[in-house]
Amino acid sequence: MGKRVYLGLGSNLGNKEQIIKKAIDRIGERVGTVAAVSSFYKTEPWGYQSVHTFCNAAIAVDTDLSPEEVLLAVQAIERELGSKNHRKSDGSYADRLIDIDLLDYDGRVVDSYALVLPHPYMHKRSFVMEPLAEIVPQWRHPVLGKTAAEILAGLHA
């Protein structure tokens, strides 16, 4: 397995923990070897109002797929597990069964129409940084140069 990929997972509908576990199993089948799984975190919705809290986690995966192939694979898994569009017609966020975000691909910086790496909002979201810092506190953001632990500490400051 060539590259280390970090993914963020979230669900705020249905049996959230079970859906995330199913997603992780499918990622292991199609993307690569799951090397680490964070604890599951209960979090409030970010960027919109909802009565449904989220369950969030982060995983590390070793893969031979390209960044674009990883993205297509996790998008297919989202659809198979029943997730619809994550945004409403007005562009605001919506509740979802599963959301899988490609956070980092082996430290690469990518800015294309289909994919931006590292994830453009990850450093602003404690629900992403907390599970990521749990599994890899020394992971370094390829643009900001800060570790996951440093970014998380800044979010709680």
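Start by selecting Asp-106 in this predicted model, a residue that sits in the loop between β5 and β6 (110-111). Is Asp-106 buried, partly exposed or exposed? Its relative accessibility is 38%, and because partly exposed covers the range between 20% and 50%, Asp-106 counts as partly exposed. While Asp-106 is selected, look at its backbone as well, since its phi is positive, at about 55°, although the residue is not a glycine. Most residues other than glycine have a negative phi, and most peptide bonds are trans.

The second half of that remark leads to the next selection, Leu-117 together with Pro-118, which are joined by a cis peptide bond with an omega of about -5°. Pro-118 is placed in the loop between β7 (116-117) and α3.

Follow the chain onward and select helix α3, residues 126-135. Seven of its ten residues are buried, so the helix is largely enclosed by the rest of the structure. Which residues of α3 are the buried ones? They are Phe-127, Val-128, Met-129, Pro-131, Leu-132, Ala-133 and Ile-135, and if you display what surrounds them you will find that they pack against β1, β2, β3, β4, β5 and α4 (148-156).

Within α3, now pick out Ser-126, which at 30% relative accessibility counts as partly exposed. Leaving aside residues up to four places away in sequence, Ser-126 touches Pro-131, Leu-152, Leu-155 and His-156. If you also select Ala-157, you can see that its C-alpha atom is separated by 11 Å from that of Ser-126, although the two residues are 31 residues apart along the chain.

Next, show α3 and α4 together and turn the view until both axes can be followed. The two axes come within 9 Å and cross at roughly 140°, which makes α3 oblique to α4, and α3 passes α4 in a left-handed crossing. On the α3 side the contact is made by Ser-126, Met-129, Glu-130, Leu-132 and Ala-133, while α4 contributes Ala-148, Ala-149, Ile-151, Leu-152, Leu-155 and His-156.

A second helix pair is worth setting beside this one, so hide the first pair and select α1 and α2. Here the helices pack at an angle of about 140°, with their axes 10 Å apart, and they are therefore oblique to each other. In this pair, α1 passes α2 in a right-handed crossing. The residues in contact are Ala-23, Arg-26, Ile-27 and Arg-30 of α1, with Val-74, Ile-77 and Glu-80 of α2.

Keep Ile-27 selected, and move from the helix pair to the interior. In soluble globular proteins, nonpolar side chains tend to be buried together. The largest nonpolar core of this model has 26 residues, and those with the most contacts inside it are Leu-7, Leu-9, Ile-27, Ile-98, Ile-100 and Leu-102. At least two residues of this core come from each of β1 (3-11), α1 (16-30), β4 (54-63), α2 (67-80) and β5 (99-105). Another core, of 16 residues, lies apart from it, and among its members are Tyr-6, Ala-58, Met-129 and Leu-132.

To finish, colour the chain by pLDDT. The mean for the protein chain is 91, and 92% of its residues reach 70 or more. Which elements have the lowest and the highest mean pLDDT? Strand β3 (residues 41-43) has the lowest, at 93, and strand β2 (residues 32-37) has the highest, at 98.

Notes
Residues are numbered from 1 along each chain as its sequence is written. This is a predicted model: local features need pLDDT of at least 70, side-chain atom pairs count only at pLDDT 80 or more; totals for chains, interfaces and linings use all residues. Side-chain values use heavy atoms; hydrogens and water are left out. A nonpolar core is a set of buried Ala, Val, Leu, Ile, Met, Phe, Trp, Tyr and Cys residues joined through side-chain atoms within 4.5 Å. Buried means under 20% relative accessible area, exposed over 50%, partly exposed in between (1.4 Å probe, protein chains only). Helices (H or I, at least four residues) and strands (E, at least two) are DSSP runs, numbered from the N terminus. pLDDT is the predictor's confidence in each residue, from 0 to 100. Axes are lines fitted to C-alpha atoms, for helices over the stretch in contact, and angles run from 0 to 180 degrees between N-to-C directions. Angles under 35 degrees count as roughly parallel, over 145 as roughly antiparallel, 65 to 115 as roughly perpendicular and the rest as oblique. A crossing is left-handed if the near helix is turned anticlockwise from the far one by less than a right angle, and right-handed if clockwise. Contact means heavy atoms within 4.5 Å.
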